[in-house]
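Subject: Structure for you to look through

Hello,

Please find the structure we talked about just below, together with its sequence. Once you have had a first look at it, read on for what was found.

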Amino acid sequence: MAKLFVKNMVCNRCRYVVQTELERMGYDVASTELGEVELKQKPDKNELVKINQSLLRFGFELIDSQKARLIEMIKTELIRLVNETSDNHKVKISVLLSEKLLKDYSFLSNLFSEVEGQTIEHYFIQLKIEKVKELLMYDEKNLSEIAFQLGYSSVAHLSRQFKQVTGFTPSHFKTIRHKKRIPLEQL
């Protein structure tokens, strides 16, 4: 068995694309999770280069350094949290990441800031705002429901943060829907 870590693999569609591409290349995929794939056979260095080249066509990339893997795992957990509609939003990010990644949060925070040039909290706010944009564009939920879903303490808090990040109020954003969203994996 060989575990490969894949950058930008952040949703079920991504898992499907990566698994399908690897199977097309002749690999027997044991499992796929967000950010990682387990193959039944271990590819050699030349095969890894070919896999990486193939995945790059779809916007994915193999991760080989320990730091890069850890950063990608942090991003994957935060994206998973933003996409969930559970009580996990009441859990502190620091506690969640420490428990999931079995690392001290201050280490994770310092590493993330060093590599990404922004704090984990700032990155998480960007993810939440992009999710708010997505939900506003669908027009299926009102702002109160969106605030609750994403763990905001109030609609006012969501609106303030939205305006700080985008320069628009959520209601104004709804009127200019042609504004492009940034896919979560590109943040």
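Threonine 76 is a good place to begin, and it lies in helix α3, which covers residues 66-83. Please keep in mind that the model is a predicted one. Is threonine 76 buried or exposed? Its relative accessible area is 5%, and because residues under 20% count as buried, threonine 76 is placed in the buried class. If residues up to four places away in sequence are set aside, threonine 76 touches Leu34 and Gly35.

Another residue to look at is leucine 78, which is in contact with Ile93, Leu97, Ile120, Tyr123, Phe124 and Leu127 once its neighbours within four places in sequence are left aside. Leu78 also appears in the largest nonpolar core, a set of 45 residues in which Leu78, Leu97 and Ile120 have the most contacts. Helix α6, running over residues 120-138, gives this core its largest share, namely 8 residues.

To place these residues in the whole, it helps to step back to the protein chain, which holds 9 helices and 4 strands. Read from the N terminus, its elements follow the order β-α-β-β-α-β-α-α-α-α-α-α-α. The C-alpha trace spans about 55 × 35 × 30 Å along its principal axes. The chain has 187 residues, and 39% of them count as buried, while the area that the chain exposes comes to about 10,700 Å², with carbon and sulfur atoms supplying 50% of it. If you consider the contacts between residues at least 6 apart in sequence, 59% of them join residues that are at least 24 apart.

The next feature is the largest pocket, which encloses about 320 Å³ of space. It is lined by 15 residues, and those closest to its centre are Leu4, Leu48, Leu62, Ile63 and Asp64. Which elements supply at least two residues each to this lining? They are β1 (2-7), α2 (45-56) and β4 (61-63). When the lining residues are sorted by kind, 8 are nonpolar, 1 is polar and 6 are charged.

Two residues deserve a careful look for their backbone angles. In general, most residues other than glycine have a negative phi. Asparagine 8, although not a glycine, has a positive phi of about 75 degrees, and it is found in the loop between β1 and α1. Leucine 102 is not a glycine either, and its phi is positive at about 55 degrees; its place is the loop between α4 (93-101) and α5 (105-116). As for how far they are covered, asparagine 8 has a relative accessible area of 19% and is therefore buried, since the limit for that class is under 20%. Leucine 102, by contrast, has a relative accessibility of 75% and so counts as exposed.

Finally, please find arginine 13, which sits in helix α1, made up of residues 12-24. Because its relative accessibility is 66%, arginine 13 counts as exposed. How far is the C-alpha atom of arginine 13 from that of proline 43? The two atoms are separated by 24 Å, and the two residues are 30 residues apart along the chain.

With best wishes

Conventions:
Residues numbered from 1 in each chain as written. Predicted model: local features only at pLDDT ≥ 70, side-chain atom pairs only at ≥ 80, totals over all residues. Heavy atoms only, no water. 1 Å grid on protein atoms, 1.4 Å probe; cavity = no way out; pocket = protein on both sides within 12 Å on 5 of 7 lines; lining within 4 Å. Points joined across faces, edges and corners; volume = space filled by probe spheres on them. Nonpolar A, V, L, I, M, F, W, Y, C, P; charged D, E, K, R; others polar. Buried < 20%, exposed > 50% of the residue type's maximum accessible area, 1.4 Å probe, protein only. Contact = heavy atoms within 4.5 Å. Areas by Shrake-Rupley, 256 points an atom, 1.4 Å probe, with all protein chains shown as cover. Core = buried A, V, L, I, M, F, W, Y, C linked by side-chain atoms within 4.5 Å.
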